[in-house]
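Biologist: Let us go through the terms one at a time. I will ask what earns each label, and you set the value against the rule.

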Amino acid sequence: MNQKDKAFASVIETIGNTPLVELSRITKGIDGRILAKLEYLNPGFSKKDRIALQIIEDAEREHRLTPGQTVVELTSGNTGTGLAIVCGIKGYPFVAVMSRGNSMERARMMSAFGAEVILVNQLPDSLTGQVSGGDLGMVERETQRIVAERNAFRADQFKLAGNFRAHYLHTGPEILQQSGGIIDAFCDFVGTGGSFAGCAASFKEYKPAIKCYVIEPDGAAVLAGEPVTYPNHRIQGGGYSMPGLMMLRPEHIDGYLKVTDAESIQMTRRLAYEEGIFAGFSSGANVAAALHLLQTSFRGKTIAVIICDSGLKYLSTDLWV
């Protein structure tokens, strides 16, 4: 039975199976294709709904989460929104801990879904809308304090295998199925590394020749081994200058790409007015990097990317002016 021909028991059953769309207008006049996975069409408007569900269901299956126990996680807003939805439906109180540097739409969304949202001040030299690794460190310390204080389950997206598994078991295979397996490369802006790691593992198992590239902000490309010269970049949800991301497997990384704030913003706006895809900063970074590959070493090839979240989460920023 087609999914559209039945009623679901709850909204969490609608997570995943998002459409794959060719960006034929952005690639007009260029030899090659970009296929975009529209993760902003998940119920929480981001790819993080997948990991929220996987982490909670893994914990339930393994008896690491007890009925009614509080769930806590550090978030830039997307994972927190997914967890707020999943926990609300399953009956777990949820506490989201987020930097004030992230857009306030994210905090309001989490609150609307029933989460308790705790906002952490930024470092003195940080700017709103630009969350650095140092800012994230402050959020991490507050998260650890709350977990201990409330005897809570930590839905740790940086460490728990559910983050990787959500994309290895679902996102990657969906892209392969929807594309007919015709993919030459995949590039992904890295936050926790879960979507890159899970999809890359899936793609490499299917066809080792598929090239997989990590995307980082220009000036904060620590995974590529470069010094941090611009920690306060504007691409929210990643580029935290954290070299030790547990999800990433070196054997699945074929190279590293850098994207500037300006490139990310310009491409995010192009996605909206050329393709009708209303996305956030990191989605623009993904497409900008893919376009660069098509114009250089991947002429005539097909590149897959993820549209990570919705532009609705950035209306208070100057992304949409």
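Modeller: Start with pairing: two strands pair if DSSP finds at least two bridges between them. Strands (E, at least two residues) and helices (H or I, at least four) are DSSP runs, numbered from the N terminus. This is a predicted model, where local features need pLDDT of at least 70, side-chain atom pairs count only at pLDDT 80 or more, and totals for chains, interfaces and linings use all residues. Residues are numbered from 1 along each chain as its sequence is written, and side-chain values use heavy atoms, with hydrogens and water left out.

Biologist: Which strands form the open sheet, and in what order?

Modeller: The order is β5-β4-β3-β6, with parallel pairing. β3 and β6 share 2 bridges, and the rule asks for at least two. So β3 and β6 count as paired. One bridge joins V71 to F153 in β6.

Biologist: What makes β5 and β6 edge strands?

Modeller: Each of them pairs on one side only.

Biologist: What packs on this sheet?

Modeller: Helix α2 (residues 78-90) touches β3 and β4. Its direction makes about 170° with that of β4. Helix α4 lies across β3, β4, β5 and β6, at about 160° to β4. Axes here are lines fitted to C-alpha atoms, for helices over the stretch in contact, and angles run from 0 to 180 degrees between N-to-C directions.

Biologist: Why are α2 and α3 called roughly parallel?

Modeller: Their axes come within 9 Å and cross at roughly 10°. Angles under 35 degrees count as roughly parallel, over 145 as roughly antiparallel, 65 to 115 as roughly perpendicular and the rest as oblique. Therefore α2 is roughly parallel to α3. In the contact (heavy atoms within 4.5 Å), N78, G80, T81 and A84 of α2 meet R106, M109 and M110 of α3.

Biologist: And what is the verdict on α7 and α8?

Modeller: The axes of α7 (residues 261-275) and α8 (residues 281-295) come within 7 Å and cross at roughly 95°. That value lies in the 65 to 115 range, so the two helices are roughly perpendicular. Among the residues that meet are I265 and L271 in α7, and F281 and L291 in α8.

Biologist: How do you know whether R106 is buried or exposed?

Modeller: R106 sits in helix α3. Buried means under 20% relative accessible area, exposed over 50%, partly exposed in between (1.4 Å probe, protein chains only). R106 has 1% relative accessibility, so it counts as buried. Beyond four places in sequence, its contacts include S76, M98, Q236, D309 and Y314.

Biologist: Which side chains of β9 are buried?

Modeller: In β9 (residues 255-259), G255, L257 and V259 point to one face and are buried. Y256 and K258 point to the other face and are not. β9 pairs with β8 in the parallel sense over 5 bridges. The bridge partner of Y213 is G255 in β9.

Biologist: What makes a group of residues a nonpolar core?

Modeller: The set must be buried Ala, Val, Leu, Ile, Met, Phe, Trp, Tyr and Cys residues, joined through side-chain atoms within 4.5 Å. The largest such core has 38 residues, and F186, F196 and F203 have the most contacts inside it. Helix α6 gives the largest share, 6 residues. A second, separate core of 34 residues includes Y213, F281, A290 and F298.
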